[in-house]
Amino acid sequence: MRKRTPTLSTPLMSVGEAADFLRVTARTILNEIDRGNLRAGKVGRQWRIKESDLRAYWRARYMAPRPRRAKSSV
């Protein structure tokens with residue numbers, strides 16, 4: 001009987017890949033992880049971010065609707 005090796009169903013991104021995706025620096029990604037704004041986990045000594053978590057962060061951070069300005073009654 002052959003053992004099945006588990007496969008990773010969710011793509012993981014490195015800090016550098018996440019920074020390229022968002023067009024920010026790696027330090028910005030690390031700061032967001034430290035602040036708790038971006039979910040990530042450590043694999044060895046390196047942070048890894050699920051692609052789905054990065055997309056959710058991007059939608060919440062950059063795609064949020066802008067508040068409407070109140071019309072003046074002049």
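**Entry 1. What helix 1 packs against**

I looked up what lies against the buried residues of helix 1 and found strand 1 (12-14), helix 2, strand 3 and helix 3. The model is predicted, and I read everything below with that in mind. I then listed the buried residues of helix 1 themselves: Val-15, Ala-18, Ala-19 and Leu-22. Looking down the axis of helix 1, I found these buried residues within an arc of 100 degrees, so they line one face of the helix. The spacing fits a general rule: an α-helix has 3.6 residues a turn, so residues three or four places apart point the same way.

**Entry 2. Overall layout**

I stepped back to the whole protein chain and counted 3 helices and 3 strands. Read from the N terminus, their order is β-α-α-β-β-α. The protein chain has 74 residues, and 19% of them count as buried. I noted an exposed area of about 6,900 Å² for the protein chain, of which carbon and sulfur atoms supply 49%. I also checked how far apart in sequence the contacting residues are. Taking contacts between residues at least 6 apart, 50% join residues at least 24 apart.

**Entry 3. Helix 2**

Which residues of helix 2 are buried? In this helix, residues 26-35, I found Ile-29, Glu-32 and Ile-33 to be buried. They span an arc of only 100 degrees around the axis, which puts them on the same side of helix 2. I turned to the other side of helix 2 and found Asp-34 and Arg-35 exposed there. For the cover over the buried residues of helix 2, I noted helix 1 (15-22), strand 3 (46-50) and helix 3 (51-62) among the elements. After helix 2 comes Gly-36, with a positive phi near 85 degrees.

**Entry 4. How helix 1 and helix 2 meet**

I looked up the geometry of this pair. The axes of helix 1 and helix 2 are 8 Å apart, and the packing angle is about 105 degrees. Helix 1 and helix 2 are therefore roughly perpendicular to each other. From helix 1, the residues that meet helix 2 are Val-15, Ala-18, Ala-19 and Leu-22. Their partners in helix 2 are Ala-26, Ile-29 and Leu-30.

**Entry 5. The loop between helix 1 and helix 2**

I checked two residues in this loop, Arg-23 and Val-24. Is Arg-23 buried or exposed? Arg-23 has a relative accessible area of 79%, so I logged it as exposed. Arg-23 comes just after helix 1, and its phi is near 60 degrees, a positive value in a residue other than glycine. In general, most residues other than glycine have a negative phi. Val-24 has 26% relative accessibility and counts as partly exposed. Leaving out residues up to four places away in sequence, I found Val-24 touching Ala-19, Ile-29 and Tyr-62.

**Entry 6. The nonpolar core**

Which residues make up the largest nonpolar core? I listed 11 residues: Met-13, Val-15, Ala-18, Ala-19, Leu-22, Ile-29, Ile-33, Leu-38, Ile-49, Leu-54 and Tyr-57. Helix 1, helix 2 and helix 3 are the elements that give two or more residues to this core. Helix 1 supplies the largest share of it, 4 residues.

I picked Ile-49 from the core and looked up its contacts, leaving aside neighbours within four places in sequence. Its partners include Met-13, Val-15, Ala-18, Ile-29, Ile-33, Leu-38 and Leu-54. Also in contact with Ile-49 are Pro-11, Leu-12, Ser-14, Arg-39 and Ala-40.

**Entry 7. Two residues of helix 3**

I ended with Asp-53 and Ser-52, both placed in helix 3. Is Asp-53 buried or exposed? Its relative accessible area is 17%, and the cut-off for buried is under 20%, so Asp-53 is buried. Not counting residues up to four places away in sequence, Asp-53 touches Leu-38 and Arg-39.

Ser-52 has a relative accessible area of 41%, and I logged it as partly exposed. I also looked up the separation of Ser-52 and Leu-12. In sequence they are 40 residues apart, and in space 8.8 Å from C-alpha to C-alpha.

Conventions
Residues numbered from 1 in each chain as written. Predicted model: local features only at pLDDT ≥ 70, side-chain atom pairs only at ≥ 80, totals over all residues. Heavy atoms only, no water. Buried < 20%, exposed > 50% of the residue type's maximum accessible area, 1.4 Å probe, protein only. Contact = heavy atoms within 4.5 Å. Areas by Shrake-Rupley, 256 points an atom, 1.4 Å probe, with all protein chains shown as cover. Arc of directions from axis to C-beta. Core = buried A, V, L, I, M, F, W, Y, C linked by side-chain atoms within 4.5 Å. Axes fitted to C-alpha atoms, helices over the stretch in contact; angles between N-to-C directions. Parallel < 35°, antiparallel > 145°, perpendicular 65-115°, else oblique.
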